[in-house]
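User: Please take a close look at the ligand site in this model. I would like to know what surrounds the ligand and how the site sits in the fold.

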Amino acid sequence: SGRRNTAMSILKEFEEKCATPIGKLRQVADAMTAEMHAGLASEGGSSMFKMLNSHVDNLPSGDENGLFYALDLGGTNFRVLRVQLGGRDGCVVKQEFTEVSVPHELMTSATSSELFDFIAKELARFIDTEGEGFILPPGSQRELGFTFSFPVKQLSIASGNLIKWTKGFSIDDAVGKDVVVELTKALDRQGIDMRVAALVNDTIGTLAGGKYLNNDVAAAVILGTGTNAAYVERAHAIPKSGEMVINMEWGNFWSSHLPVTEYDQALDQDSLSVGEQIFEKIISGMYLGDIVRRVLCKMAEEAVFFGDIVPPKLKTPFTLRTPEMSAIHHDTSANLRVVERKLKDIFGITGTSLETRRVIVDVCNIVATRGARLSAAGILGILKKMGKDTVKEGDKQRTVIAVDGGLFEHYTEFRSCLESTLSELLGDEVARTVVIEHANDGSGTGAALLAACHSQYP
Ligand code: ADP
Ligand code: MG
């Protein structure tokens with residue numbers, strides 16, 4: 001019928017606009033490398049990459065010893081953990097954590113002190129449960145690594161000012177403030193005697209945690225609610241000497257080569273950060289489901305795809321979350337029963353044909369494939385910057401990229417597409433030297449390790 005044809009033409013046009021042929025991915029990778037150079041050359045040298053110096057000049061050596069705490073704030077969930085490190089050969093002797101979701105009001109309509117009081121209260125509760133196997137030498141103060149995954153201008157390893165919020169957070173009075181000072185004040189208000197020894201973001205934590213387990217780890221990528229990357233920069237590329245760990249804040253990447261559609265533009269316009277974090281809005285978990293929803297909504301409006309009226313929930317932003325999209329995409333049942341159930345549960349849509357459900361799976365596939373392939377292009381950009389996109393005569397060293405985040409961990413199609421695309425981009429010979437490793441919750445452990453590296457007790 002005509003309606004069906006309209007829906008199919010919307011699908012076809014969307015697919016074309018999202019296309020990521022290998023040549024385009026190479027252009028994206030080159031643009032990424034070029035921006036990295038520009039961002040390193042001078043402050044403000046890149047309009048999109050901050051290339052923030054993390055002030056981590058020593059990554060974990062393996063000798064770290066003692067009890068350390070970590071906080072991880074950076075998206076939907078907030079984690080508190082403690083680790084007992086056993087020094088050389090001892091590794092992580094014991095580790096415990098707890099996770100709570102951040103109430104939505106705290107993300108948007110709270111004050112800075114309300115947010116940090118919430119964090120400090122959870123930490124106080126957790127410290128109270130410290131039991132056997134965790135040893136604090138008498139008279140010493142507990143120390144903490146703080147993973148705070150928003151753009152921060154670091155002044156030292158344990159101080160840094162919030163540049164801006166991302167990922168749906170917006171607490172205006174925190175912008176520009178030193179988040180370690182804010183946290184420390186909240187710890188004082190709760191009567192917690194603890195020193196913040198390191199402020200890191202999740203990419204830096206993941207890099208540190210990854211390198212602790214595998215010395216070949218040279219970069220880290222987060223694919224969760226948001227997306228970001230960090231890598232170890234060689235000495236001569238930066239004015240100062242020594243290796244430097246750079247937090248790219250790659251979520252803010254933009255290039256004219258990026259395949260941006262009308263749905264992405266509308267999503268951006270409706271967001272809290274118009275014109276910013278465009279790469280993140282195309283590839284990360286906070287947004288993928290909503291891109292799908294927008295395409296389905298257009299089909300409902302213009303092709304009467306779900307009956308005569310447009311289901312109201314289809315018009316409501318963020319009703320389709322990425323984990324749900326993933327479940328739809330992975331439905332292997334013959335009649336797409338999972339898709340049928342999700343449509344009913346999420347949008348109140350019933351009575352769809354199998355053909356219609358297939359189209360919905362196609363939309364998920366297009367959105368996930370584009371995100372995964374662009375993520376691979378971003379990783380190629382970093383490998384090029386590190387000079388690891390070719391195999392040098394006699395160089396047998398592997399390059400390991402530690403990757404973490406719920407999107408990478410749980411969205412199988414996304415993950416396998418990312419991995420196969422990276423191999424395709426690198427070619428067989430180089431692909432054998434580059435390893436993508438899932439760093440399971442490296443960021444929390446990594447922050448505790450960095451606190452240990454920067455402990456007040458030598
Ligand atoms: P954060 O990025 O908030 O620190 P995570 O790394 O745990 O936390 O990532 C959580 C995000 O991962 C969710 O917001 C969601 O977008 C995505 N995610 C979680 N589970 C799945 C899933 N099953 N399929 C696809 N995406 C998922
Ligand atoms: Mg995280």
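Analyst: What follows describes the shell around the ligand and then the two domains beside the site.

The model is predicted. Ligand 1 is surrounded by 16 residues, and the closest are Gly75, Gly224, Gly285, Gly406 and His410. Three helices each supply at least two residues of this shell: helix 9 (285-303), helix 10 (322-329) and helix 13 (406-410). Sorted by class, the shell around ligand 1 holds twelve polar and four nonpolar residues, with no charged residues.

The position of the site follows from the division of the chain. The protein chain is split into domain 1 (1-53 + 214-439) and domain 2 (55-200). Their C-alpha centres are 29 Å apart. In the contact between these domains, 14 residues come from domain 1 and 13 residues from domain 2. On the side of domain 1 that touches domain 2, the residues comprise eight polar, four nonpolar and two charged. Because domain 1 and domain 2 both give residues to the shell around ligand 1, the ligand lies between them.

A database record also covers part of the chain. UniProt, in an unreviewed entry, lists residues 11-212 as "domain: Hexokinase N-terminal". Over residues 11-212, helix makes up 35% of the chain and strand 27%, and the C-alpha atoms at the two ends are 46 Å apart.

Definitions and conventions. Residues are numbered from 1 along each chain as its sequence is written. Chains are lettered from A and ligands numbered from 1 in the order in which they are written. This is a predicted model: local features need pLDDT of at least 70, side-chain atom pairs count only at pLDDT 80 or more; totals for chains, interfaces and linings use all residues. A residue is near a molecule or strand if its C-beta atom, placed from the backbone, lies within 6 Å of it. Helices (H or I, at least four residues) and strands (E, at least two) are DSSP runs, numbered from the N terminus. Ala, Val, Leu, Ile, Met, Phe, Trp, Tyr, Cys and Pro count as nonpolar, Asp, Glu, Lys and Arg as charged, and the others, Gly among them, as polar. Domain bounds come from an automatic or database domain assignment. Two residues are in contact if their C-beta atoms, placed from the backbone, lie within 7 Å. UniProt positions are given in the numbering used here, feature names are shortened, and annotations may be inferred rather than shown by experiment.
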